[in-house]
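Please examine the sequence and the model shown below. The paragraphs that follow lead from one residue in the interior to the chain as a whole.

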Amino acid sequence: MHQPKILIGCPASDYHQYCTKEYLHGLRSLTYNPDIFLVDNSPTISFFTFLEKEKIPAVRACFDIPDVKQKIAASRNVLRKKILDEGYDYFFSLEQDVIPQKNVIETLLQHKKPIVSGVYYSYFPVLGRQQLFPVAYRWLTKEEQEDMQTNKHLLEKINPVLYEELQQNSFDFSKVRMKLKPEEVEKPQLLKVKQCGLGCLLIHRDALEKITFRIDETTDGFDDATFCDDALALGYDLFLDTRVKCKHLIRERPWTWEKLLAPEKRH
């Protein structure tokens, strides 16, 4: 029986030095044994030297791109090229602060889907405080759409972010998304989603042949949002396996995305 050839990796940098040892332990603990490859885009060579000492296959690239989001997308395209050039069947995008269960690859492969994600959580601002939600989004139901159309003033009060997004899109519900709630991923199931992150995502080469990682300059999103938009536009469905629960090592993070992206906002 043919075992798919899989490359696992991500754009990596010394910003995530704080969690890299746990990440590498997670890679080495996987039961599937994929090839590992990281793209180090750190400003100095010290992190790359660390990876060499750890005997982790890596390349140093894209470090001279000043825009952080563009740097990450370009780094992911280095991985994409390697996968397509060297005959891999899948890219398992596992970001540097995401730790999955040992059998994650076998579990996601069971579905035989071109694009399928595991679950990991992050903090999102809700009602004035940071709360943990899965990094995945769904479409609004017809009932939700009708309720929001009828009660726009109430929506503006209880969810001003969603209201503003809808207003900017002339209440075209196909252009907006709804965060999955923690309770929606408790039951073991395969969900069809509108958007997910690239933190724990298995992508077949057929999709990679058609989709290049890129940034949409008209939005504030990263390349994961654009990847999902491009995949949907090409007719791919996006799936989320709620059996796959990952640790997301963000509590000890010594920096924030807001501060990291701040220099870009000043230009």
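**From one cysteine to the whole chain**

In this predicted model, C200 has contacts well beyond its sequence neighbours: with those within four places set aside, C200 touches F92, S93, L94, V98, V104, V116, S117, G118, Y120, V244 and C246. A second core, of 30 residues, lies apart from the one that holds C200; among the members of this second core are Y88, F213, C228 and A231.

The core to which C200 belongs is the largest nonpolar one, with 39 residues. Within this largest core, C200 is one of the residues that touch the most other members, together with Y23, L38, F92, L94, V104 and I105. In soluble globular proteins, nonpolar side chains tend to be buried together.

How much of the chain is buried? Of its 267 residues, 48% count as buried. Contacts between residues distant in sequence are also well represented: of the contacts with a separation of 6 or more, 73% join residues 24 or more positions apart.

The secondary structure consists of ten helices and 15 strands. Along the principal axes, the C-alpha trace extends over about 60 × 50 × 30 Å. The radius of gyration is 19 Å, which agrees with a compact globule, because a globule of 267 residues would have a value near 18 Å.

The surface completes the picture. The exposed area of the chain is about 14,100 Å², and carbon and sulfur atoms supply 51% of that area. The chain carries 38 positive and 39 negative charges, and the mean positions of the two sets are 3 Å apart.

Notes. Residues numbered from 1 in each chain as written. Predicted model: local features only at pLDDT ≥ 70, side-chain atom pairs only at ≥ 80, totals over all residues. Heavy atoms only, no water. Helix = DSSP H or I, 4+ residues; strand = E, 2+ residues; numbered from the N terminus. Rg over C-alpha atoms; globule rule 2.2 N^0.38 Å. Buried < 20%, exposed > 50% of the residue type's maximum accessible area, 1.4 Å probe, protein only. Contact = heavy atoms within 4.5 Å. Areas by Shrake-Rupley, 256 points an atom, 1.4 Å probe, with all protein chains shown as cover. Lys, Arg positive; Asp, Glu negative; His and termini not counted. Charge placed at Lys NZ, Arg CZ, Asp CG, Glu CD. Core = buried A, V, L, I, M, F, W, Y, C linked by side-chain atoms within 4.5 Å.
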